[in-house]
Each structure stands twice: as structure tokens, then as C-alpha cells.
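Q: Please zoom in on the tail end of this chain for me, and start with the vocabulary. From there, follow whatever leads inward, and bring in the charged pairs and cysteines too.

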Amino acid sequence: MDVIGNKGLIELGQYCKKLKRLRIETENEQREDEEARVTQRGLIAISNGCPELEYISVNVSNITNQALTHIGTHLKNLCDFRLTLLNHQQVIPDFPLEDGVKELLQGCVKLRRFTLYLRSGGLTDEGLEYIGRFGVNLKWILLGYCGQTDEG
């Protein structure tokens with residue numbers, strides 16, 4: 001469950017170098033416990049420390065382009081990426097996530113399954129274009145709150 005938080009992901013990155021699968025579920029979206037939340041800090045730590053990761057499914061309370069870029073740079077074996085941004089009232093200053101999505105897809109060429117469930121403004125039509133252009137090996141996609149128009 002999501003009680004691992006960033007601190008737990010930092011520990012995993014330090015000691016579980018051969019980790020291949022990571023799934024963090026959320027019991028309660030309305031958690032007030034900052035220590036239990038996963039953010040870009042935890043994702044950067046896990047991508048630094050666990051280069052053999054093939055599968056990530058995580059609910060985050062905050063995300064940045066930098067974290068997605070970092071995953072694309074360091075997790076070359078990633079085949080399945082699933083990220084859900086929880087509906088906290090927190091403002092995400094790094095929206096939209098076009099650049100991060102582009103870098104993730106360019107770096108993770110083995111990616112076959114891709115889920116990105118954000119909130120309004122998280123990914124524009126340009127980001128959807130990047131998914132089409134750089135996600136050529138994707139076989140399965142789930143998107144939520146992505147794009148602005150049918151053109152995307």
C-alpha cells in the first residue's frame with residue numbers, strides 16, 4: 001500500500017538493486033500523511049537505484065517532467081509503466097507533462113504498456129502527439145484527463 005512513501009522508495013533504491021517489479025496501491029486518496037505519499041522524489045530515487053525495473057505501477061501525489069525524464073534515462077528495461085496522479089487539491093506547477101512523456105517514451109524503447117491518468121491540464125494535444133510518435137512499440141494504452149480536443 002502507499003505507506004511506503006518517498007522515504008521507503010529511497011531505501012528500496014539503495015538496497016534492492018535487482019528489483020524488477022514495483023506496484024504501490026493506494027488505500028485512501030484523501031490521506032493527510034505526507035510521509036506516506038509518493039512523489040517525483042521517490043520515483044527519481046527508485047529509477048536511480050533499480051535499473052533492472054521492468055514494471056512500475058504507482059499512484060503519486062505529485063509528478064514532474066524531470067521525474068518522467070529521469071525514468072526514461074535510467075530504466076531501459078521498463079516494459080510496463082502505470083502512473084496515476086491522485087486527486088489531491090495540490091497544484092502541480094510542472095503541468096503539462098509533455099516533455100517528460102516524450103523523454104520517457106524515447107528512453108524506454110521496450111515499453112509495451114502505458115497508463116497515464118492525470119487531471120485536467122496534465123497532458124495537452126502535443127503530449128498525445130508525442131505518445132503517437134514515440135510510443136511506436138506500445139500495445140496497450142490507458143489515458144485519463146489527457147488532451148484538450150479530439151485533434152490530440
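A: Helices (H or I, at least four residues) and strands (E, at least two) are DSSP runs, numbered from the N terminus. With that in hand, Gln148 sits in the segment after E5. What you're looking at is a predicted model, where local features need pLDDT of at least 70 and side-chain atom pairs count only at pLDDT 80 or more, while totals for chains, interfaces and linings use all residues. Residues are numbered from 1 along each chain as its sequence is written, and side-chain values use heavy atoms, with hydrogens and water left out.

Gln148 is exposed, at 58% relative accessibility; exposed is over 50% relative accessible area, buried is under 20% and partly exposed is in between, with a 1.4 Å probe and protein chains only. If you skip the neighbours within four places in sequence, Gln148 is in contact (heavy atoms within 4.5 Å) with Thr124 and Asp125. Thr124 is 24 residues away from Gln148 along the chain, yet their C-alpha atoms are separated by 5.6 Å.

Tyr145 belongs to the segment after strand E5 (140-144) as well. The backbone there is worth a glance: Tyr145 has a positive phi of about 55° although it is not a glycine. Tyr145 is exposed too, with a relative accessible area of 53%.

Now inward. Helix H5 runs over 125-134, and it is part of what covers the buried residues of H4, along with helix H3 (65-74), strand E3 (80-85) and strand E4 (113-117). H4 itself spans residues 98-107, and its buried residues are Glu98, Gly100, Val101, Leu104, Leu105 and Gly107. Ahead of H4, in the loop between E3 and H4, you'll find Pro96. The peptide bond leading into Pro96 from Phe95 is cis, with omega near -5°.

How do H3 and H4 pack? Their axes are 7 Å apart and make an angle of about 5°, with each axis a line fitted to C-alpha atoms, for helices over the stretch in contact, and angles running from 0 to 180 degrees between N-to-C directions. H3 and H4 are therefore roughly parallel to each other, a label for angles under 35 degrees; over 145 is roughly antiparallel, 65 to 115 roughly perpendicular and the rest oblique. From H3 the contact takes in Asn65, Leu68, Thr69, Ile71 and Gly72, and they meet Glu98, Asp99, Gly100, Val101, Glu103, Leu104 and Gly107 of H4. Sorted by class, this contact has 4 nonpolar, 5 polar and 3 charged residues. (Ala, Val, Leu, Ile, Met, Phe, Trp, Tyr, Cys and Pro are nonpolar, Asp, Glu, Lys and Arg charged, and the others, Gly among them, polar.)

On to the charged pairs. The count comes to 6 salt bridges, each a side-chain nitrogen of Lys or Arg within 4 Å of a carboxyl oxygen of Asp or Glu. One of them joins Lys20 and Glu54 at 3.6 Å, N to O. Lys20 lies in the loop between helix H1 (5-15) and strand E1 (21-24), and Glu54 in the loop between helix H2 (40-49) and strand E2 (55-60), so the pair ties together parts that are 34 residues apart in sequence. Lys20 is partly exposed at 39%, and Glu54 likewise counts as partly exposed at 32%. Arg23 and Glu25 form a salt bridge as well, their closest N and O atoms being 2.9 Å apart; Arg23 is exposed at 55%.

Back by H4, two of its covering strands are linked by a salt bridge between Arg113 and Asp80 (3.4 Å, N to O). Since Arg113 is in strand E4 and Asp80 in strand E3, the pair ties together parts 33 residues apart in sequence. Arg113 is partly exposed at 30%, whereas Asp80 is buried at 8%. Elsewhere, shared partners join Lys20, Glu52 and Glu54 into one salt-bridge network.

Last, the cysteines: a search of the whole structure turns up 0 disulfides, taking a disulfide as a pair of cysteine sulfur atoms within 2.5 Å. For Cys50, the nearest cysteine sulfur is that of Cys16, 6.3 Å away. Cys50 is buried, at 0% relative accessibility. For Cys108, the nearest is the sulfur of Cys79, 9.3 Å away, and Cys108 is buried at 2%.
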